[in-house]
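Dear colleague,

Below I am passing on the structure we spoke about, together with some notes on what turned up when I went through it. Please read the notes with the model open beside you.

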Amino acid sequence: MTSLFTNPEFWQYISIPVIAALIGWTTNWLAIKMTFYPLEFIGKPPLLGWQGIIPSKARKMAAISVDATISKIGTVEEIFQQIDPKVLAQHIIENAEPRIEEYVDEMMLKEYPTFWENLPNSARRMVYDRVRKATPQLVDNLVSDISVNIEDLLDIKGMVIDRLAKDKRLLNRIFLECGDVEFRFIVNSGLYFGFLFGLIQMSVWYFYQSWWVLPFFGLLVGYATNWIALNVIFRPLHEKKIGPFRLQGLFLKRQNQVAESFCHIVTHEILTVGNIINAIIEGPKGDRARNMVKKHIKPLVDETAGMGKALTQMAFGPTGFASLKQKVGEKAISISQSSFNSPMFEQDRARAVESIMVERMIALSSEEFQDLLRPCFQEDEIKLILVGAFLGMMAGVGQLIFVFGGVLS
């Protein structure tokens, strides 16, 4: 036994499965890293260098993610109703009401300083009171109007895609957090499967020591460990009972857990109230949304100026009075956008949307659910496998030269 352990040839053979295990682990680890990093292209495009597969196709991957999930678990109207238009209106009112005088002074001093400074205090207070009394009903009407037209005003798919395409780190995070268990399995399985392939490689090498055996098996390990791991994650699609065992793809088994993770990120960082309001006002139908705001604001200006409309129009002139309505509308838009900077309110509404999205996502079929993670492997998957195979082959060549001294036959 002692002579066996001191025999260099014994350790050469033992190194075969050990090196194969390292090859499997390294190539799988590298495949995961190359999927997500670097965020920007490093090297000389288009061929000399690399950019993570997900970041390099950020807009496409974001679109796939939206189609696979959000579009199936909630319509624009359902999401907006879950946020609750009445709660939104109340929040805007609560934020605007304490600052009514500040808003009015700020706008009037900017646009018509002489008129406003010379207006008696009693007249100013009358303006403040009229604006304060009119604001709740005005905001309720505006939010109700937006709610009725939300399907046309909000392109939720475009909103999510634009956000994820611009924030590649967030896009990566969605995949990495949802597939954390699976990615760790892929890396670790390379070690196990690589070792098993190494045992076969060692047996073949014992009986047939040809120059191509070690490089070939290195290539095989680099290729096969990745392929096997992917199939274990997503196959079988539906649970199968074999004796006492219940088999199903690892990712599919975690549908409830993944749904909670995915929906939390989406509702707390993408479909926030602030982002939705900005998407409505700044999005493709932003002009219509802005006109809607101004339409609801105009009666406020008419009513407030009604106490001395002749005097007001004389002071401003006909075009100046029209301009005042325009300025008030723009101020109302600004107030609407800035009213949702409260983290507590955002989180409260996010949790309301999250609850329904998680419920819907858990109810997705296995075929639909796998589309959340599967695309990040399908995109340029062959490149990753070939890189792994090439590195495995190079490791096999190194093993042939440095461990076995370049045995040829």
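Arg-360 and Glu-78 form a salt bridge in this predicted model, and the closest N and O atoms of the pair are 3.1 Å apart. Arg-360 belongs to helix 21 (residues 343-362) and Glu-78 to helix 6, so the bridge ties together parts that lie 282 residues apart in sequence. Both ends of the bridge are partly exposed, Arg-360 with a relative accessible area of 31% and Glu-78 with one of 30%.

This pair belongs to a wider set, since a search of the whole structure finds 17 salt bridges. Among them is the one in which the side chains of Glu-102 and Arg-99 meet, at 2.7 Å from N to O; here Glu-102 counts as partly exposed at 39% relative accessibility, and Arg-99 is likewise partly exposed, at 36%. Another joins Asp-167 to Arg-163, where the closest N and O atoms are 3.8 Å apart, a value that still falls within the 4 Å cut-off used for a salt bridge. Asp-167 has a relative accessible area of 26% and is partly exposed, as is Arg-163 with 28%. There is also a network of salt bridges, in which Glu-101, Asp-129 and Arg-132 are linked.

Two points about the backbone deserve a look, and for both it helps to recall that most residues other than glycine have a negative phi, and that most peptide bonds are trans. The peptide bond that joins Tyr-37 and Pro-38 is cis, with an omega of about -5°, and Pro-38 sits in the loop between helix 2 (8-36) and strand 1 (42-44). Asp-84, although it is not a glycine, has a positive phi of about 85°. The place of Asp-84 is the loop between helix 6 (76-83) and helix 7 (85-96), and with a relative accessibility of 26% this residue counts as partly exposed, because it falls between the 20% limit for buried and the 50% limit for exposed.

On the surface, you will find a nonpolar patch of about 1000 Å², made by Trp-11, Ile-14, Val-18, Leu-22, Trp-25, Trp-29, Leu-191, Tyr-192, Phe-195, Leu-196 and Leu-199. Helix 2 and helix 14 (180-207) each supply at least two residues of this patch, and the largest share, 6 residues, comes from helix 2. As a reminder, an α-helix has 3.6 residues a turn, so residues three or four places apart point the same way. Trp-25, one of the patch residues, lies in helix 2 and is partly exposed, with a relative accessible area of 32%.

Turning to the packing of helices, which two pairs illustrate the arrangement? Helix 13 (residues 168-178) and helix 17 (residues 255-269) pack at an angle of about 160°, and their axes are 9 Å apart. Angles over 145 degrees count as roughly antiparallel, and helix 13 and helix 17 are therefore roughly antiparallel to each other, in a crossing that is right-handed. Helix 8 (residues 100-111) and helix 10 (residues 121-148), for their part, pack at an angle of about 120° with their axes 10 Å apart, and these two helices are therefore oblique to each other. The crossing in which helix 8 passes helix 10 is right-handed too.

Finally, some notes on what is covered. Helix 18 (residues 273-282) is mostly covered, with 7 of its 10 residues buried; these buried residues are Val-273, Gly-274, Ile-276, Ile-277, Ala-279, Ile-280 and Ile-281. Val-160, which is found in helix 12 (residues 156-166), also counts as buried, with a relative accessibility of 2%. In space, the C-alpha atoms of Val-160 and Val-266 are 8.8 Å apart, whereas in sequence the two residues are 106 residues apart.

With best wishes

Terms used. Residues are numbered from 1 along each chain as its sequence is written. This is a predicted model: local features need pLDDT of at least 70, side-chain atom pairs count only at pLDDT 80 or more; totals for chains, interfaces and linings use all residues. Side-chain values use heavy atoms; hydrogens and water are left out. Helices (H or I, at least four residues) and strands (E, at least two) are DSSP runs, numbered from the N terminus. Buried means under 20% relative accessible area, exposed over 50%, partly exposed in between (1.4 Å probe, protein chains only). Patches are made of residues with over 30% relative accessible area and no salt bridge: like charges are joined within 9 Å, nonpolar side chains (Val, Leu, Ile, Met, Phe, Trp, Tyr) within 5 Å. Accessible areas come from the Shrake-Rupley method with a 1.4 Å probe; for residues, only the protein chains shown count as cover. Axes are lines fitted to C-alpha atoms, for helices over the stretch in contact, and angles run from 0 to 180 degrees between N-to-C directions. Angles under 35 degrees count as roughly parallel, over 145 as roughly antiparallel, 65 to 115 as roughly perpendicular and the rest as oblique. A crossing is left-handed if the near helix is turned anticlockwise from the far one by less than a right angle, and right-handed if clockwise.
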